Amino acid sequence: MGRGKLIPALSILAALSITPAAQAAQAQEYPDTGLMPRSSGVEIIKKGELLNLDKCIEIALAKQPGILAARGTVSANRSRIGQAESNYYPQVDLSAGYTRTSPAPTSSRSTATTGQAFDFYSNSVTVRQNIYDFGKTSEQVKIQELNTDSALEDLENTVNQTAFSVKQAYYALLQAKRNLEVAQETVKQFEVHLEQAKGFFDVGLKPKFDVTKAEADLSNSRVNLIKAQNALRLARVSLNNAMGVVNAPEYEVEDTLTYRKYEITMDEAMKRSFENRPDIRSAVAKRKSAEENMNLSKKGYYPTLTGNAAYNWTGEKYPLDEGWNVGATVNIPVFSGFLTKYQVRESRAALDVASANEEALKQSAYFDVQQSYLNLKEAEERIPAAELSLK
């Protein structure tokens, strides 16, 4: 009875992306991602330990490989921001060289010379600074910042999905335990029925058919008991997998399978979905990144202005002769084999793809909320009928 209500409620929570465990995780500050669970070193589950739902979610947020991978993606994207910003700073190179040269001997009818080897040393310091590139560097930085925003939203979405998977597996395990209890009780009842049928048959009050039917019912109930026992084992394996601890020892879970009415309207559910779902925010960031990438591609038509300076020490022996130079270079792209043209065309197509993916995700979210809401209402309507059947 409780299961029929709880699972649709969990589905609509996932569609809205407002899982309590995800919110608790987001509230904790972490230097790389801002989404680190309360404890990064969760203890291994002890044999016979009683776990509640919050503890299971905490373990999953610390152990699930998907979350660790998403955090790594965020860190990689933040590094790319620094790479893009590097063009704002001067580029300094140091070089040193040594050459020993032995000229080839020369000869003629009148004279003959023998080449004498000599040493040559060269050292230099070169500084290059981007002066103006028509916003290419700023566009690259903005693109990487948007990609990082998208990766952060993907991480938050992974946290939400992990918490949702744990909740599903947790309540499925509770349901499997209840089903096992029902199957065990059913076997006991049919054993009693069989004894009654045999007693009535022995005294001639019932036909042999009743005994045969009671035996068949008992056999079927034992088959269902075997299925229920295996379903319980599978449910436990699913919960272990959802928590990211596949080799966990035997443990117990706190039974919280109760009915609580979840009040929400369709319009409110839809509004909260579009406001809170991180996968939608990630798609929006990717679309904005594609827009900036198209702007960056167009800047390939523009020139760049670079300043440079160098100080040199050269000569055959120390002390070396010193020299320096300072200048600026303007690079004007005249013809690149239509490279920029096709880069702009590619980036425009990528923008179309990102826009289409964003719209598809919004439509999928709309469908998810509708489906979850209708399942929730169906479960609420089934509960009175289930209570009557129980009576």
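Let's start with helix α9, residues 339–390: it has 52 residues and reaches 74 Å from its first C-alpha to its last, close to the 76 Å expected at 1.5 Å a residue. This is a predicted model, and the protein chain in it has nine helices and eight strands. Here's a quick tour, from that helix to the whole chain, its cores, its strands and one lysine.

**Helix α9**
- There is a bend of about 30° in α9 at I383.
- A proline, P384, follows within four residues of that bend.

**The chain as a whole**
- The protein chain has 391 residues, and 35% of them count as buried.
- If you look at contacts with a separation of 6 or more, 80% of them come from residues 24 or more positions apart.
- The accessible surface adds up to about 23300 Å², and carbon and sulfur atoms hold 53% of that.

**Nonpolar cores**
- The largest nonpolar core has 42 residues.
- Inside this core, the residues with the most contacts are I45, V166, Y170, L239, M243 and Y251.
- Four helices give two or more residues each to this core: α3 (53–63), α4 (65–85), α5 (136–202) and α6 (208–243).
- The top contributor is α5, with 16 residues.
- Leaving aside residues up to four places away in sequence, M243 touches I45, C56, I59, A60, K63, Q64, V166 and Y251.
- Three of the names in that contact list, I45, V166 and Y251, also turn up with M243 among the core residues with the most contacts.
- There's also a second, separate core of seven residues, and its members include A269, M270, Y373 and L376.

**Strand pairing around β5**
- β5 (residues 118–132) pairs with β2 (residues 91–101) in the antiparallel sense, over 11 bridges.
- In that pairing, T101 stands opposite F118 of β5.
- β5 also runs antiparallel to β7 (residues 304–315), and 11 bridges join these two strands.
- Here R128 stands opposite N308 of β7.

**A look at K227**
- You'll find K227 in helix α6, one of the helices that give residues to the largest core.
- Is K227 buried or exposed? Its relative accessibility is 56%, so K227 counts as exposed, the cut-off being over 50%.
- K227 and N179 are 48 residues apart along the chain, and their C-alpha atoms are separated by 9.9 Å.

Note on methods:
Residues are numbered from 1 along each chain as its sequence is written. This is a predicted model: local features need pLDDT of at least 70, side-chain atom pairs count only at pLDDT 80 or more; totals for chains, interfaces and linings use all residues. Side-chain values use heavy atoms; hydrogens and water are left out. Buried means under 20% relative accessible area, exposed over 50%, partly exposed in between (1.4 Å probe, protein chains only). Contact means heavy atoms within 4.5 Å. Accessible areas come from the Shrake-Rupley method with a 1.4 Å probe; for residues, only the protein chains shown count as cover. A nonpolar core is a set of buried Ala, Val, Leu, Ile, Met, Phe, Trp, Tyr and Cys residues joined through side-chain atoms within 4.5 Å. Two strands pair if DSSP finds at least two bridges between them. The expected span of a helix is 1.5 Å times one less than its number of residues. The bend at a residue is the angle between axes fitted to the seven residues ending there and the seven starting there.
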